[in-house]
Amino acid sequence: MRNYRFYMLLVALLSFGALAQTVVEVQEGEAAYYSDKLDGNKTASGEPYDKNAMTAAHRKLPFGTKVKVTYLENGNSVVVVINDRGPHTKGRIIDLSGAAADQLGLKKAGHGMVKLEIYGD
């Protein structure tokens, strides 16, 4: 329970920090999430994929970019950090970590329509 509280506090702090920045671009499209089986594999940024981290893959955004992702099905939002390239499936605009997909309520469906708000400094 203690780790869960720490994790939720960290998510709130990251979200607050991202919201204090300016939205520089908005995108809408389909999202999916990484399989939990990929946990520990190296991402394009060199970091290992962590299914419990709030991260994502995007084809063009620089590594370290903060993105608010809103699942259009239910209005849930999370802030993720780009640390990988992808998605590699045509028609998708972002691949989310398992934790991000779970927080959004997207994990059960496997994919869904999202809005991305991309933050700049």
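Of the 121 residues of the protein chain, 40% count as buried. That figure comes from a predicted model, as does everything else I will say today. The chain holds two helices and six strands. Reading from the N terminus, the order of elements is α-β-β-β-β-β-α-β. One more figure for the whole chain: take the contacts between residues at least 6 apart in sequence, and 74% of them join residues at least 24 apart.

Now the strands. How do the six strands close up into a barrel? They run β1-β5-β2-β4-β3-β6, and the pairing is mixed. On average, neighbouring strands of this sheet are turned by 45° against each other, ignoring direction. As a reminder for those new to this, strands of a sheet pair through backbone hydrogen bonds, and the pairing can be parallel or antiparallel. Both kinds turn up here, because the barrel has mixed pairing.

I will go round the barrel in that order. Start with strand β1, residues 22-33, which pairs with β5 in the parallel sense over four bridges. One residue pair to look for is A31, whose bridge partner in β5 is I94.

From β5 we go on to strand β2, residues 55-57. β2 and β5 pair in the antiparallel sense, over two bridges. Here A56 has L96 of β5 as its bridge partner.

Is β5 enclosed or open to the outside? Strand β5 covers residues 92-96, and five of the five are buried, so the strand is largely enclosed by the rest of the structure. The cut-off behind that word is a relative accessible area under 20%.

Next is β4. β2 and β4 pair in the parallel sense over three bridges, and A57 has D84 as its bridge partner in β4. Strand β4 covers residues 77-84 and is mostly covered, with six of its eight residues buried.

β4 then meets β3. These two strands run antiparallel and are joined by five bridges. T70 has S77 as its bridge partner in β4. β3 and β4 form a hairpin with five residues between the strands, and in that hairpin G75 takes a positive phi near 85°.

On the other side of β3 is β6. Strand β3, residues 66-71, and strand β6, residues 111-120, pair in the antiparallel sense over five bridges. V69 stands opposite L116 in β6. T70 comes up again at this point: its bridge partner in β6 is K115. To put T70 together, then, it is bridged to S77 in β4 and to K115 in β6.

The last step closes the barrel. β1 and β6 run antiparallel and are joined by 10 bridges. In this pairing V26 stands opposite E117 in β6. As for burial, seven of the 10 residues of β6 are buried, so β6 is largely enclosed by the rest of the structure.

While you look at these strands, keep one general point in mind: in a regular strand the side chains alternate between the two faces of the sheet.

Next, the loop between β1 and β2. I picked two residues from it, T43 and G40.

Is T43 buried or exposed? Its relative accessibility is 5%, so T43 counts as buried. What does its side chain touch by polar contact? The side chain of S45, at 3.0 Å. A polar atom of the T43 side chain also lies 2.7 Å from the backbone oxygen of E47. Setting aside neighbours within four places in sequence, T43 is in contact with P48, Y49, N83 and D84. D84 we met earlier, as the bridge partner of A57 in β4.

G40 is partly exposed, with a relative accessible area of 48%. Once residues up to four places away in sequence are left out, G40 touches P48 and Y49. Those two names are also among the contacts of T43. G40 and D50 are 10 residues apart in sequence, and their C-alpha atoms are 6.0 Å apart in space.

Two items on rings to finish. The count of aromatic pairs comes to one. Separately, R85 lies over the face of F63, at 4.3 Å from the ring centre.

To recap, this is a predicted model with a closed barrel of six strands. β5 and β6 are both largely enclosed by the rest of the structure. In the loop between β1 and β2, T43 is buried, while G40 is partly exposed.

Technical notes:
Residues are numbered from 1 along each chain as its sequence is written. This is a predicted model: local features need pLDDT of at least 70, side-chain atom pairs count only at pLDDT 80 or more; totals for chains, interfaces and linings use all residues. Side-chain values use heavy atoms; hydrogens and water are left out. Buried means under 20% relative accessible area, exposed over 50%, partly exposed in between (1.4 Å probe, protein chains only). Two strands pair if DSSP finds at least two bridges between them. A polar contact is a pair of N or O atoms within 3.5 Å; within protein, one must be able to donate a hydrogen and the other to accept it, and residues adjacent in sequence count only if both atoms are side-chain atoms. Contact means heavy atoms within 4.5 Å. Axes are lines fitted to C-alpha atoms, for helices over the stretch in contact, and angles run from 0 to 180 degrees between N-to-C directions. Rings of Phe, Tyr and Trp (its six-membered ring) pair if their centres lie within 6.5 Å; planes under 30 degrees apart count as stacked, over 60 as edge-to-face and the rest as tilted. A charge sits over a ring if NZ of Lys or CZ of Arg is within 6 Å of the ring centre and within 35 degrees of the ring normal.
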